[in-house]
Amino acid sequence: GTPKGVILTNGNLKANLEDVFHALNLQPGDMVFGFLPFFHSFGFLATLWLPLASGRRSFFHANPTDAGAIGELAVRERPTVMFATPTFLQMYLRRCPADTFASLRLIVTGAEKMRPELATAFHERFGVLPVEGYGTTELSPVVAINLPAEDHLMGRACGRVGSRSSTRYWMASAMCAVVTESMCWSAAIVCETRSTFTYARRLS
């Protein structure tokens, strides 16, 4: 069909920024590497407004498909946080040396589904495991992010879902979902809104 614009208010973006900031546990010394286009809500919120609003340093490159320049900038500037799409990660996997992303502690992907094989291959080559986000422009845009159970992501207002995986799931505030008979868990999952977060807990 015909593409349609989505109007997001300042309040929409501010609420999503606050939730994403806390979910990712951004630290004072973090630096964001931005190369996603600002005309997409993912790049607009995550790589432009997130570092600006949180006071974190950032730097940018205009062309995410320029793997050579992306790799050189990553080595020179030593970012700690990067937002990308699986398609771009596939390019970097093919064209960048193994030490290119050594400074990164967190890579969040979005805009398309990330295959498990790609995440594994990226982790094996570069030493950092990409996590996957889900969202839509209409939702400002981040809805959920899967977070690995690592030390730098522990101790936050985010419930651990299920017992068969080391992955935790964060959901944006104002979102509420009930998941039953999922692929990983037979018990129903309920999400409760508390403060600015939605907690996910397993029903007994």
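This text walks through a predicted model, from its strands to its helices and then to its aromatic rings.

Start with strand S1, residues 31-34. Its side chains split two ways: Met31 and Phe33 point to one side, Val32 and Gly34 to the other. All four of these residues are buried. In a regular strand, side chains alternate between the two faces of the sheet.

S1 has two partners described here. One is strand S2, residues 57-60, which runs parallel to S1 and is joined to it by four bridges. Within that pairing, Met31 has Arg57 of S2 as its bridge partner. To get from S1 to S2 the chain passes through helix H2, and this β-α-β crossover is right-handed. The other partner is S3, which pairs with S1 in the parallel sense over two bridges. There, Val32 stands opposite Val81 of S3.

S3 comes next. Which residues of S3 are buried on each side? Val81 and Phe83 are buried on one side, and Met82 and Ala84 on the other. Both faces of the strand are therefore covered, since buried means under 20% relative accessible area. S3 also runs parallel to S4, with four bridges between them. Met82 sits opposite Ile107 of S4 in this pairing. Together S3, H4 and S4 make a β-α-β unit, and this one is right-handed.

Now look at H4 itself, residues 86-95. Its buried residues are Pro86, Phe88, Leu89, Met91, Tyr92 and Leu93. Their cover includes helix H3 (67-77), strand S3 (81-84), strand S4 (106-109) and helix H5 (116-126). An α-helix has 3.6 residues a turn, so residues three or four places apart point the same way.

Take Leu89 as a close-up in helix H4. Its relative accessible area is 0%, so Leu89 is buried. What does Leu89 contact, leaving aside its neighbours within four places in sequence? The list is Met82, Ala84, Ile107, Thr109, Leu118, Phe122 and Pro130. Pro130 is 41 residues from Leu89 in sequence, yet their C-alpha atoms are 9.0 Å apart.

Past H4, in the loop that leads to S4, is Thr100. Why does Thr100 count as buried? Its relative accessibility is 3%, and the cut-off for buried is under 20%, so Thr100 qualifies. A polar atom of the Thr100 side chain lies 2.7 Å from the backbone oxygen of Pro97. Beyond its neighbours within four places in sequence, Thr100 contacts Gly71, Ala74, Val75 and Phe126.

The aromatic rings give another view. The whole structure holds eleven aromatic pairs. One of them is Phe42 with Phe83: the ring centres are 6.1 Å apart and the planes stand at 90 degrees, so the pair is edge-to-face. This pair links distant parts of the chain, with Phe42 in helix H2 (residues 41-54) and Phe83 in strand S3, 41 residues apart. Both Phe42 and Phe83 are buried.

Phe122 and Phe126 form a tilted pair, with 4.5 Å between centres and 50 degrees between planes. Both belong to helix H5, four residues apart, which is about one turn of the helix. Phe122 has 0% relative accessibility, so Phe122 counts as buried. Phe126 is buried too, at a relative accessible area of 6%. Each ties back to a residue met earlier: Phe122 is a contact of Leu89, and Phe126 is a contact of Thr100. Phe122 and Phe126 also belong to one aromatic cluster with Phe33, Phe35, Phe59, Phe88, Tyr92 and Phe101. Among these members, Phe33 points out from S1, while Phe88 and Tyr92 are buried residues of H4.

Helix H1 (residues 10-24) rounds off the tour. How does its length compare with what 1.5 Å a residue predicts? For 15 residues the span should be 21 Å, and the end C-alpha atoms are 21 Å apart, which agrees. Buried in H1 are Leu13, Asn16, Leu17, Asp19, Val20, Ala23 and Leu24. Just after the helix, Asn25 takes a positive phi of about 55 degrees.

Technical notes:
Residues are numbered from 1 along each chain as its sequence is written. This is a predicted model: local features need pLDDT of at least 70, side-chain atom pairs count only at pLDDT 80 or more; totals for chains, interfaces and linings use all residues. Side-chain values use heavy atoms; hydrogens and water are left out. Buried means under 20% relative accessible area, exposed over 50%, partly exposed in between (1.4 Å probe, protein chains only). Contact means heavy atoms within 4.5 Å. A polar contact is a pair of N or O atoms within 3.5 Å; within protein, one must be able to donate a hydrogen and the other to accept it, and residues adjacent in sequence count only if both atoms are side-chain atoms. Rings of Phe, Tyr and Trp (its six-membered ring) pair if their centres lie within 6.5 Å; planes under 30 degrees apart count as stacked, over 60 as edge-to-face and the rest as tilted. The expected span of a helix is 1.5 Å times one less than its number of residues. Two strands pair if DSSP finds at least two bridges between them. A crossover is right-handed if, with the strands pointing away from the viewer, the path from the first strand over the helix to the second runs clockwise.
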